[in-house]
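Grab a pencil and open the viewer. Below are some exercises on one structure, each with a worked solution.

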Amino acid sequence: APIEFDRAGARLLGLVREENDKNPMGPREIGIYDLETGTYETFTSSLLETNYNVRWAPDMTRILVGDRRGIRVFDPETGAMTSVLQLEMSSEDTALLEFVVTDNGYLYYSLPENERDIWLAQRGEAPTLVRFGESSP
């Protein structure tokens with residue numbers, strides 16, 4: 001499933017199942033399709049959950065991975081996975097963590113328990129809660 005293009009529109013980030021896997025909820029690999037070269041590369045990591053979401057990091061070389069454990073940074077060059085934000089979600093909760101990242105490094109995300117709650121986090125700071133439908137103080 002395609003997720004998003006890099007800023008230049010040259011590489012498409014997405015999630016793919018193994019070639020013969022027909023299970024729509026089966027494990028996914030991170031995939032990057034380079035439109036300029038026509039090459040396709042997949043990355044597998046034992047640290048990835050069955051349900052997770054991916055976004056380009058602001059530097060457009062690394063990938064943010066969000067699942068029920070939080071948000072991590074995946075470096076395709078080294079294969080390293082580094083935690084950025086840890087969450088305490090139920091192990092029974094299989095919903096994807098929906099999140100967006102801004103160019104200046106802020107993460108906005110919601111938890112499946114209450115999607116009206118939008119959290120804002122920046123590396124090194126405690127997340128703050130922003131609720132839709134409530135006016136600012």
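**Exercise 1. The chain as a whole**

Of the contacts in the protein chain with a separation of 6 or more, what percentage comes from residues 24 or more positions apart? Then describe the secondary structure and the surface.

*Solution.* Keep in mind that this is a predicted model.

Step 1: Residues 24 or more positions apart supply 30% of the contacts with a separation of 6 or more.

Step 2: Count the elements. The protein chain has 12 strands and 0 helices, so its pattern along the sequence is simply β-β-β-β-β-β-β-β-β-β-β-β.

Step 3: Check burial and surface. Of the 137 residues, 36% count as buried. The chain exposes about 8,500 Å², and carbon and sulfur atoms supply 49% of that.

**Exercise 2. Three salt bridges**

Which side chains pair up in salt bridges, and which pair ties together parts that are 96 residues apart in sequence?

*Solution.* You're looking for 3 salt bridges.

Step 1: Start with Arg11, whose side chain meets that of Asp6 at 3.0 Å, N to O. Asp6 is buried because its relative accessible area is 9%, and the cut-off for buried is under 20%.

Step 2: Go on to Arg7 and Asp103, whose side chains meet at 3.1 Å, N to O. Arg7 sits in the loop between strand 1 (2-5) and strand 2 (11-16), while Asp103 sits in the loop between strand 9 (98-101) and strand 10 (107-111), so this is the pair that ties together parts 96 residues apart in sequence. Both Arg7 and Asp103 are exposed.

Step 3: Finish with Arg62 and Asp59, whose closest N and O atoms are 2.7 Å apart. Arg62 has 32% relative accessibility and so counts as partly exposed. Asp59, with a relative accessible area of 35%, is partly exposed too.

**Exercise 3. Leu15 and Glu29**

Are Leu15 and Glu29 buried or exposed, and which residues do they touch?

*Solution.* Take the two one at a time.

Step 1: Leu15 lies in strand 2. Its relative accessible area is 9%, so Leu15 is buried.

Step 2: Skip residues up to four places away in sequence, and Leu15 touches Ala1, Ile3, Arg28, Glu29, Ile30, Tyr52 and Val54. Zoom in on Arg28: Leu15 and Arg28 are 13 residues apart in sequence, with their C-alpha atoms 5.8 Å apart in space.

Step 3: Glu29 has its place in strand 3. Charged or not, Glu29 is buried, at a relative accessible area of 16%.

Step 4: Now list the partners of Glu29, leaving out neighbours within four places in sequence. They are Gly14, Leu15, Val16, Glu18, Thr42, Phe43, Thr44 and Tyr52. Tyr52 turns up among the contacts of Leu15 and among those of Glu29.

**Exercise 4. The largest pocket**

What is the volume of the largest pocket, and which residues line the largest pocket?

*Solution.* Here's the idea first: rolling a probe the size of a water molecule over the atoms shows where empty space is left.

Step 1: The volume of the largest pocket is about 200 Å³.

Step 2: Its lining is made up of Arg11, Ile32, Tyr33, Asp34, Thr39, Glu41, Phe43, Thr61, Pro76 and Glu77. Strand 3 (29-34) and strand 4 (39-43) are the elements that give two or more residues to this lining.

Step 3: Sort the lining by class, and you get 4 nonpolar, 2 polar and 4 charged residues.

Step 4: Look back at Exercise 2. Arg11, one of the lining residues, is also the salt-bridge partner of Asp6.

Methods: Residues numbered from 1 in each chain as written. Predicted model: local features only at pLDDT ≥ 70, side-chain atom pairs only at ≥ 80, totals over all residues. Heavy atoms only, no water. 1 Å grid on protein atoms, 1.4 Å probe; cavity = no way out; pocket = protein on both sides within 12 Å on 5 of 7 lines; lining within 4 Å. Points joined across faces, edges and corners; volume = space filled by probe spheres on them. Helix = DSSP H or I, 4+ residues; strand = E, 2+ residues; numbered from the N terminus. Nonpolar A, V, L, I, M, F, W, Y, C, P; charged D, E, K, R; others polar. Buried < 20%, exposed > 50% of the residue type's maximum accessible area, 1.4 Å probe, protein only. Contact = heavy atoms within 4.5 Å. Areas by Shrake-Rupley, 256 points an atom, 1.4 Å probe, with all protein chains shown as cover. Salt bridge = Lys/Arg side-chain N within 4 Å of Asp/Glu carboxyl O.
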